[in-house]
Amino acid sequence: MTNNNVVLSSLAMDLKRIALGLHRKSYSMADRFTKEAIVRKKETNTASLAPYMQSIMNKLTDVFADDDNERKAEDALMYSTLIQNYVMKEQVPS
């Protein structure tokens, strides 16, 4: 597993925790994991990602800034799943 895959896996978990925190109305938890997700996004080497994943990474900034908690939770969960699927696909030997 490459370092980028580790960072992306961590980002996916942070996004899932954001969604869970917002769903539970635990806004302090969601804020904490939003900060963690922002750090993970900065750690990611986006140049080595597939173009569609680069687009997803760019859209995360909008998710983090969204004031609508319901939409933010839905988007965070969706992007978490997309990132997890990308990492799993990248681990399969060709």
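These exercises work through helix packing and residue burial in a predicted model.

**Exercise 1. Orientation of α1 and α4**

Task: Find how the axes of α1 and α4 are oriented to each other, and what kinds of residues make their contact.

Solution:
- Step 1. Locate the helices. Helix α1 covers residues 3-23 and helix α4 covers residues 69-91.
- Step 2. Take the geometry. The two axes come within 8 Å and cross at roughly 155°.
- Step 3. Apply the cut-off. Angles over 145 degrees count as roughly antiparallel. α1 and α4 are therefore roughly antiparallel to each other.
- Step 4. Add the handedness. The crossing of α1 past α4 is left-handed.
- Step 5. Sort the contact residues of this pair. There are 15 nonpolar, 6 polar and 3 charged residues.

**Exercise 2. Orientation of α1 and α2**

Task: Do the same for α1 and α2, and list the residues that make the contact.

Solution:
- Step 1. The axes of α1 and α2 lie 8 Å apart, at an angle of about 160°.
- Step 2. That angle makes α1 roughly antiparallel to α2.
- Step 3. α1 and α2 cross in a left-handed sense.
- Step 4. From α1, the contact takes in Val7, Ser10, Leu11, Asp14, Arg17, Ile18, Leu20, Gly21 and Leu22. From α2 come Tyr27, Met29, Ala30, Phe33, Thr34, Glu36, Ala37, Arg40, Lys41 and Glu43.
- Step 5. Sort the residues of the α1 and α2 contact. They give 10 nonpolar, 3 polar and 6 charged.

**Exercise 3. A charged residue in α1**

Task: Decide whether Asp14 is buried or exposed, and name its contacts beyond its sequence neighbours.

Solution:
- Step 1. Place the residue. Asp14 sits in helix α1.
- Step 2. Read its accessibility. The relative accessible area of Asp14 is 5%.
- Step 3. Compare with the cut-off. Buried means under 20%, so Asp14 is buried.
- Step 4. List the contacts. Leaving aside neighbours within four places in sequence, Asp14 is in contact with Phe33, Glu36, Ala37 and Arg40. These four also appear among the α2 residues of the contact with α1.

**Exercise 4. Packing of α3 on α4**

Task: Describe how α3 packs against α4, and which α3 residues are buried.

Solution:
- Step 1. Helix α3 runs over residues 51-65.
- Step 2. The axes of α3 and α4 are 11 Å apart, at an angle of about 155°. α3 and α4 are therefore roughly antiparallel.
- Step 3. Their crossing is left-handed.
- Step 4. On the α3 side, Tyr52, Met53, Ile56, Lys59, Leu60, Val63 and Phe64 make the contact. They meet Lys72, Asp75, Ala76, Tyr79, Leu82, Ile83, Tyr86 and Lys89 of α4.
- Step 5. Sort the residues of the α3 and α4 contact. There are 11 nonpolar, no polar and 4 charged.
- Step 6. Turn to burial. In α3, Met53, Ile56, Met57, Leu60, Val63 and Phe64 are buried. Their cover includes α1, α2 (27-43) and α4.
- Step 7. Consider the spacing. An α-helix has 3.6 residues a turn, so residues three or four places apart point the same way.

**Exercise 5. Length and burial of α4**

Task: Check the span of α4 against expectation, then list the buried residues of α4.

Solution:
- Step 1. α4 has 23 residues. At 1.5 Å a residue, α4 should span 33 Å.
- Step 2. The end C-alpha atoms of α4 are 33 Å apart, which agrees.
- Step 3. The buried residues of α4 are Lys72, Ala73, Asp75, Ala76, Tyr79, Ser80, Ile83, Tyr86 and Val87.
- Step 4. α1, α2 and α3 are among what covers them.

**Exercise 6. Three accessibility classes to assign**

Task: Classify Leu77, Val39 and Lys25 by accessibility, and place each one.

Solution:
- Step 1. Leu77 belongs to helix α4. At 42% relative accessibility, Leu77 counts as partly exposed.
- Step 2. Leu77 touches Lys16 and Ala19, residues up to four places away in sequence not being counted. From Ala12, Leu77 is 65 residues away in sequence and 8.5 Å away in space, C-alpha to C-alpha.
- Step 3. Val39 belongs to helix α2. At 40%, Val39 is also partly exposed. Val39 and Leu11 are 28 residues apart in sequence, with 8.8 Å between their C-alpha atoms.
- Step 4. Lys25 lies in the loop between α1 and α2. At 61% relative accessibility, Lys25 counts as exposed.
- Step 5. Check the backbone of Lys25. Its phi is positive, about 60°, although Lys25 is not a glycine.

Definitions and conventions: Residues are numbered from 1 along each chain as its sequence is written. This is a predicted model: local features need pLDDT of at least 70, side-chain atom pairs count only at pLDDT 80 or more; totals for chains, interfaces and linings use all residues. Side-chain values use heavy atoms; hydrogens and water are left out. Axes are lines fitted to C-alpha atoms, for helices over the stretch in contact, and angles run from 0 to 180 degrees between N-to-C directions. Helices (H or I, at least four residues) and strands (E, at least two) are DSSP runs, numbered from the N terminus. Angles under 35 degrees count as roughly parallel, over 145 as roughly antiparallel, 65 to 115 as roughly perpendicular and the rest as oblique. A crossing is left-handed if the near helix is turned anticlockwise from the far one by less than a right angle, and right-handed if clockwise. Ala, Val, Leu, Ile, Met, Phe, Trp, Tyr, Cys and Pro count as nonpolar, Asp, Glu, Lys and Arg as charged, and the others, Gly among them, as polar. Buried means under 20% relative accessible area, exposed over 50%, partly exposed in between (1.4 Å probe, protein chains only). Contact means heavy atoms within 4.5 Å. The expected span of a helix is 1.5 Å times one less than its number of residues.
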